Amino acid sequence: MASGDSCPRCGLRHRDESACPAWLVGRTLAGHFSVVRLVGAGGTAAVYKAQNTAIGRFVALKVLYSHLCGDRAAVERFEREGRTMSCVCHEGVVDVLDLVTAEDGALMLVLEYVRARTLSADIRRGGPFASPRAMDLMGLALLVFSVVL
């Protein structure tokens, strides 16, 4: 993959194929989470749609990048995120079902899987939000922020 090119597997740009978050697709994590597809990737973790093969339920797995699993501060932030999200009970925030360490040491949050559009997709599709919708979204962001504090 040439520098600046999009990855053929995931469509994202990264330094080389070894950094591609799509490499987990098709694998089974923690004994019973069969990874179906990459949902998205960020600065510290990637999110996957997976099936819990023990019960057949689809979940979202947020997996901390392997190069950060040895970084104590990154691991603590990731764990704090899971604890914080689990304290927020709101229809606009997914439920945290578990925090799991896989056999290879990968740290992951097991989340409720919700089929929905992203905020950025809604903005691209419909343009800026009307004031009442924008205020609702800001209220939700403030609710989550207040739990973190």
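I take strands to be DSSP runs of E of at least two residues, numbered from the N terminus. The model I examined is predicted.

**Entry 1. Asparagine 52**

I looked up asparagine 52 and found it in strand β3. I then asked whether asparagine 52 is buried or exposed. Its relative accessible area is 11%, so I recorded asparagine 52 as buried, the limit being under 20%. Setting aside residues up to four places away in sequence, I noted that asparagine 52 touches His32, Phe33 and Arg57.

**Entry 2. Phenylalanine 33 and the core**

I followed the contact from Asn52 to phenylalanine 33. Beyond its neighbours within four places in sequence, phenylalanine 33 is also in contact with Arg27, Thr28, Ala50, Gln51, Val59, Leu61, Met108 and Val110. I next looked up the largest nonpolar core, which has 34 residues. Phe33 is listed among the residues with the most contacts inside this core, together with Leu29, Tyr48, Leu61, Val63 and Met108. At least two residues of the core come from each of β2, β3, β4, α1, β5 (96–101) and β6.

**Entry 3. Alanine 30**

I checked the backbone at alanine 30, which lies in the loop between β1 (28–29) and β2. Most residues other than glycine have a negative phi. Alanine 30 has a positive phi of about 50°, although it is not a glycine. With a relative accessible area of 16%, alanine 30 is buried.

**Entry 4. Cysteines**

How many disulfides does a search of the whole structure find? I recorded zero. I then asked why cysteine 87 has no bond to the closest cysteine sulfur. That sulfur belongs to cysteine 89 and is 8.1 Å away, which is too far for a bond because a disulfide needs sulfur atoms within 2.5 Å. Cysteine 87 counts as exposed, at 54% relative accessibility, whereas cysteine 69, at 26%, counts as partly exposed.

**Entry 5. The largest pocket**

I looked up the largest pocket and noted a volume of about 1,300 Å³. Its lining consists of 32 residues, and Gly92, Val93, Val94, Ala116 and Arg117 lie nearest its centre. The elements that give two or more residues to this lining are β2 (33–41), β3 (45–52), β4 (57–64), α1 (72–87), β6 (107–112), α2 (119–126) and α3 (131–148). Which element gives the most to the lining? I recorded α3, with six residues. By class, I noted 16 nonpolar, twelve charged and four polar residues in the lining of the largest pocket.

Conventions. Residues numbered from 1 in each chain as written. Predicted model: local features only at pLDDT ≥ 70, side-chain atom pairs only at ≥ 80, totals over all residues. Heavy atoms only, no water. 1 Å grid on protein atoms, 1.4 Å probe; cavity = no way out; pocket = protein on both sides within 12 Å on 5 of 7 lines; lining within 4 Å. Points joined across faces, edges and corners; volume = space filled by probe spheres on them. Helix = DSSP H or I, 4+ residues; strand = E, 2+ residues; numbered from the N terminus. Nonpolar A, V, L, I, M, F, W, Y, C, P; charged D, E, K, R; others polar. Buried < 20%, exposed > 50% of the residue type's maximum accessible area, 1.4 Å probe, protein only. Contact = heavy atoms within 4.5 Å. Core = buried A, V, L, I, M, F, W, Y, C linked by side-chain atoms within 4.5 Å.
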